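Thanks, everyone. Let me put the model on the screen, and then I'll walk you through it.

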Amino acid sequence: MVLLLQLLPLLLLSRAQGSPGASLEGRPGDRVTLYCVGVSQPTRWVWAPSFPACKGLSKGRRRILWTSTSGNPTVSAVQPFVGRLRALGLGIRRLELLLSAGDSGTFICKGHREDESRTVLRVLGDPADCKAPEPTTHESRYLQILIPLLGLGLLLGLGAGILAYGLRRRSSPHPPRPLPRFVPLVETEPQRPIEEEEPKTAGDLDQEPVRTGGEGVGQNP
């Protein structure tokens with residue numbers, strides 16, 4: 001029991017540091033140490049991401065750090081560990097990495113004789129946030145090319161139809177508009193009402209005086 005308690009710190013330390021075939025776990029923001037053990041003259045570190053989609057990468061190994069001709073560690077400027085990965089001490093036998101989402105993968109230390117040691121790193125949360133890229137089949141590639149071409153053809157056809165319609169409207173003359181019809185206005189005088197003559201009575205007629213016979217014969221004085 002006492003021996004187990006004495007070995008427990010060593011077990012925890014080996015879990016937090018890389019060793020041949022070791023595995024590490026951590027969260028984004030943690031710092032972990034990668035060890036190159038069993039390699040006589042390490043020359044480079046290679047990373048094989050478990051979830052390359054998280055970093056916008058494709059599958060495969062990538063060289064992340066190597067020793068220059070002068071023996072100084074050199075970090076690749078095109079890899080996702082810029083500013084987060086550095087060598088501890090002389091050489092590249094020990095590396096310190098500031099964890100970030102998507103760093104899960106296998107870190108491989110290689111030597112001149114192609115001997116290597118591996119450390120598997122698992123960043124907690126990566127499986128939930130990242131998905132492995134789906135294999136691309138011939139059908140999916142065909143659809144990726146066909147769908148944009150169909151959309152382009154539809155737009156070109158629609159534009160040609162609109163252009164033809166506009167040219168047809170410009171070329172065809174418009175039918176003449178009918179001239180307005182004017183109706184002459186005839187002024188008519190209002191008819192005066194016909195005045196009816198009142199019938200004359202017998203008293204209104206001029207009658208000549210009736211001459212008698214004595215009035216017509218002159219009397220002798």
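Start with residues 145-167. The C-alpha atoms at the two ends of this span lie 34 Å apart. The span is 100% helix and 0% strand. The UniProt record, an unreviewed entry, annotates residues 145-167 as "transmembrane region". Keep in mind that this is a predicted model.

Now the whole chain. There are four helices and nine strands. Along the sequence, the pattern reads α-β-β-β-β-β-β-β-β-β-α-α-α. The chain has 221 residues, and 21% of them count as buried.

On to the strands. Let me take S8, residues 105-111. How many of the seven residues of S8 are buried? Seven of the seven, so S8 is largely enclosed by the rest of the structure. S8 pairs with S3 through seven bridges, and the two run antiparallel. In that context, look at Pro-49: it stands opposite Gly-105 in S8.

S8 also pairs with S9. Six bridges join these two, again antiparallel. Lys-110 has Glu-116 in S9 as its bridge partner. S8 and S9 form a hairpin, with four residues between them. In the turn, Glu-114 has a positive phi of about 65°.

Follow S9, residues 116-123, to its pairing with S1. S1 and S9 pair in the parallel sense, over five bridges. Glu-25 stands opposite Arg-122 in S9. S1 covers residues 22-26, and its side chains alternate. Ala-22, Leu-24 and Gly-26 point to one face and are buried. Ser-23 and Glu-25 point to the other face and are not buried.

Next, the disulfide. The structure holds one. Which cysteines does the disulfide join? Cys-36 and Cys-109, with an S to S distance of 1.9 Å. The angle about the S-S bond is -75°, and the link is left-handed. Cys-36 lies in the loop between S2 (31-35) and S3 (42-49), while Cys-109 is in S8, so the pair ties together parts that are 73 residues apart in sequence. Are these cysteines buried or exposed? Cys-36 has 2% relative accessibility and counts as buried. Cys-109 is buried too, at 0%.

Now the aromatics. A search of the whole structure gives three aromatic pairs. Take Trp-47 and Phe-81. Their ring centres are 4.8 Å apart and their planes stand at 75°, so the pair is edge-to-face. Where do the two residues sit? Trp-47 is in S3 and Phe-81 is in the loop between S5 (73-75) and S6, so this pair ties together parts 34 residues apart in sequence. Trp-47 and Phe-81 are both buried. Add Phe-107, and you have one aromatic cluster of Trp-47, Phe-81 and Phe-107.

One more ring to show you. The charged end of Arg-63 sits over the ring of Trp-66. The distance from the ring centre is 3.9 Å.

Back to the loop between S5 and S6. Pro-80 is in that loop. Is Pro-80 buried or partly exposed? With a relative accessible area of 27%, Pro-80 is partly exposed. Buried would need under 20%. Pro-80 and Gly-56 are 24 residues apart in sequence. In space, C-alpha to C-alpha, Pro-80 and Gly-56 are 9.9 Å apart.

Last, the open sheet. It has three strands, in the order S2-S7-S6, with antiparallel pairing. Which strands stand at the edges? S2 and S6 (85-87) do, each with a single partner strand, so one side of each is left without a neighbour in the sheet. Neighbouring strands of this sheet are turned by 25° against each other on average, direction ignored. S6 and S7, residues 94-98, pair in the antiparallel sense over three bridges. Within that pairing, Leu-85 stands opposite Leu-97 in S7.

To recap. S8 has seven of its seven residues buried, and Cys-109 in S8 is linked to Cys-36 by the disulfide. Trp-47, Phe-81 and Phe-107 make one aromatic cluster. And residues 145-167, the span with the "transmembrane region" annotation in the UniProt record, are 100% helix in this predicted model. Happy to rotate the view for anyone.

Key:
Residues are numbered from 1 along each chain as its sequence is written. This is a predicted model: local features need pLDDT of at least 70, side-chain atom pairs count only at pLDDT 80 or more; totals for chains, interfaces and linings use all residues. Side-chain values use heavy atoms; hydrogens and water are left out. A disulfide is a pair of cysteine sulfur atoms within 2.5 Å. Buried means under 20% relative accessible area, exposed over 50%, partly exposed in between (1.4 Å probe, protein chains only). Two strands pair if DSSP finds at least two bridges between them. Axes are lines fitted to C-alpha atoms, for helices over the stretch in contact, and angles run from 0 to 180 degrees between N-to-C directions. Rings of Phe, Tyr and Trp (its six-membered ring) pair if their centres lie within 6.5 Å; planes under 30 degrees apart count as stacked, over 60 as edge-to-face and the rest as tilted. A charge sits over a ring if NZ of Lys or CZ of Arg is within 6 Å of the ring centre and within 35 degrees of the ring normal. UniProt positions are given in the numbering used here, feature names are shortened, and annotations may be inferred rather than shown by experiment.
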